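Me: I'm new to this one and would like a quick tour. Can you pull it up so I can ask as I look?

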Amino acid sequence: MELNDLVRLTNNVWIYPHSEQSIQPNIGIITTKKSTILIDCGNSPKHAKNIEQSLQKIGAPPVEFIIYSHHHWDHTFGSSYFNGTFISHELCYNHLKSYSGIKWNKKYLEKEIEREPLLEGSNRKKMELIQDWESFKIILPNITFKNEITLHLGETTLELSYIGGRHANDSILVKELESNVIFVGDCFYPPSLHLRKEGDTYDLDILKKLEQEAADVYVHGHGEPANLKELKDIISSIEQD
């Protein structure tokens, strides 16, 4: 499989697959007869362009909605490439508002590396992926919610709900009801590297909440999609440690 080949999960649900080498998360794709919905939009305009090219290969309708799973850069820095309605939790809006106030460029990122060496890897990856900082911008959400929101988009129904977590306090779940696929972002992951403490691992409380969703497919940010049995196995292994 080529890196930019889409992986089909159901009749109308796909992912643009993750790549740890590029700090590139799974991008969720849901197609209706008239539009395409993205869950996250890539770590850079370059990543976003690759996503669009893959959508064109399958004849997907235009991207109309972009849903942020949370605010972290690898999920949101491709936003300026797309025209559409952006949706997120209200906390995500606040985080991205802060991001948008930063003058992003190589000089700023070099200072950030000096300030926090643990973030050197991700900041150098930003410099590698985004070289045109003059035109770079972050698109703020047009629609936000606090607890949950249901979107009826043609023949597709999406349930968006807040879950939070230690990795990002603005994390949400996006469930496609017709196929029972749920996109969970990075919600059960440990805190980001510079905030992580010894012994931090997957968030058991969040995993148990995900178990209650009883989805057929769980798509998380940086790994292969899992089924309910595989999720239960992860929970069991953590509880036994």
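Me: Let's start somewhere random. Where does N142 lie?
Reply: N142 is in the loop between α5 and β7 (143–145). Keep in mind as we go that this is a predicted model.

Me: Is N142 buried or exposed?
Reply: N142 is exposed, with a relative accessible area of 51%. The cut-off for that word is over 50%.

Me: And what does N142 touch, apart from residues up to four places away in sequence?
Reply: With those left out, N142 touches G84, T85 and F86.

Me: How far is N142 from N11?
Reply: Their C-alpha atoms are separated by 28 Å, and the two residues are 131 residues apart along the chain.

Me: Okay, new topic: the inside. Which residues of the largest nonpolar core touch the most other members?
Reply: Those are L38, F77, F82 and W104, in a core of 29 residues.

Me: Which helices and strands each supply at least two residues of this core?
Reply: On the strand side, β2 (13–16), β3 (27–31) and β5 (63–67) each do. Among the helices, α1 (45–57), α3 (90–100), α4 (106–115) and α5 (120–129) each do as well.

Me: What about a second core, which residues does that include?
Reply: The second core is separate and has 19 residues, including I15, I37, I67 and F183.

Me: Back to F77 for a sec. What is F77 in contact with, leaving aside neighbours within four places in sequence?
Reply: The contacts of F77 are G42, N43, S44, P45, Y99, W104, K126, I130, F136 and I138. W104 also appears with F77 among the core residues that touch the most other members.

Me: You mentioned β2. Which residues of β2 are buried on its two faces?
Reply: V13 and I15 are buried on one side, and W14 and Y16 are buried on the other, so both faces of β2 are covered.

Me: How does β1 pair with β2?
Reply: Strand β1 (residues 7–8) pairs with β2 in the antiparallel sense over 2 bridges. The two form a hairpin with 4 residues between them, and V7 has I15 as its bridge partner in β2.

Me: And how do β2 and β3 run, parallel or antiparallel?
Reply: They run antiparallel, joined by 4 bridges. I15 turns up here too, standing opposite G28 in β3.

Me: What's in the loop between β2 and β3?
Reply: I23 is one of the residues there. I23 has a phi near 50 degrees, a positive value in a residue other than glycine.

Me: Why point that out?
Reply: Because most residues other than glycine have a negative phi. I23 is also partly exposed, with a relative accessible area of 23%.

Me: Where is A214, and what is its phi?
Reply: A214 is in the loop between α6 (204–213) and β12. Its phi is positive, about 50 degrees, although A214 is not a glycine. A214 is partly exposed, at 39% relative accessible area.

Me: Since β12 came up, what is the strand order in the open sheet of 5 strands?
Reply: The order is β8-β9-β10-β11-β12, with mixed pairing.

Me: Which strands stand at the edges?
Reply: β8 (148–153) and β12 (217–220) do. Each has a single partner strand, so one side of each is left without a neighbour in the sheet. The twist from one strand to the next averages 20 degrees.

Me: In what sense do β11 and β12 pair?
Reply: Strand β11 (residues 181–185) pairs with β12 in the parallel sense over 4 bridges. V181 stands opposite V217 in β12.

Me: Last thing, helices. How do α6 and α7 cross?
Reply: The axes of α6 and helix α7 (residues 228–240) come within 10 Å and cross at roughly 150 degrees. That makes α6 roughly antiparallel to α7, and the crossing is left-handed.

Me: And at what angle do α4 and α5 cross?
Reply: Roughly 170 degrees, with axes that come within 9 Å, and they are therefore roughly antiparallel to each other.

Me: Which residues make that contact?
Reply: K106, L109, E110, E112 and I113 do so from α4, and E120, N123, R124, K126 and M127 from α5. K126 is also one of the contacts of F77.

Conventions: Residues numbered from 1 in each chain as written. Predicted model: local features only at pLDDT ≥ 70, side-chain atom pairs only at ≥ 80, totals over all residues. Heavy atoms only, no water. Core = buried A, V, L, I, M, F, W, Y, C linked by side-chain atoms within 4.5 Å. Buried < 20%, exposed > 50% of the residue type's maximum accessible area, 1.4 Å probe, protein only. Contact = heavy atoms within 4.5 Å. Pairing = 2+ DSSP bridges. Axes fitted to C-alpha atoms, helices over the stretch in contact; angles between N-to-C directions. Parallel < 35°, antiparallel > 145°, perpendicular 65-115°, else oblique. Left-handed = near helix turned anticlockwise from the far one by under 90°.
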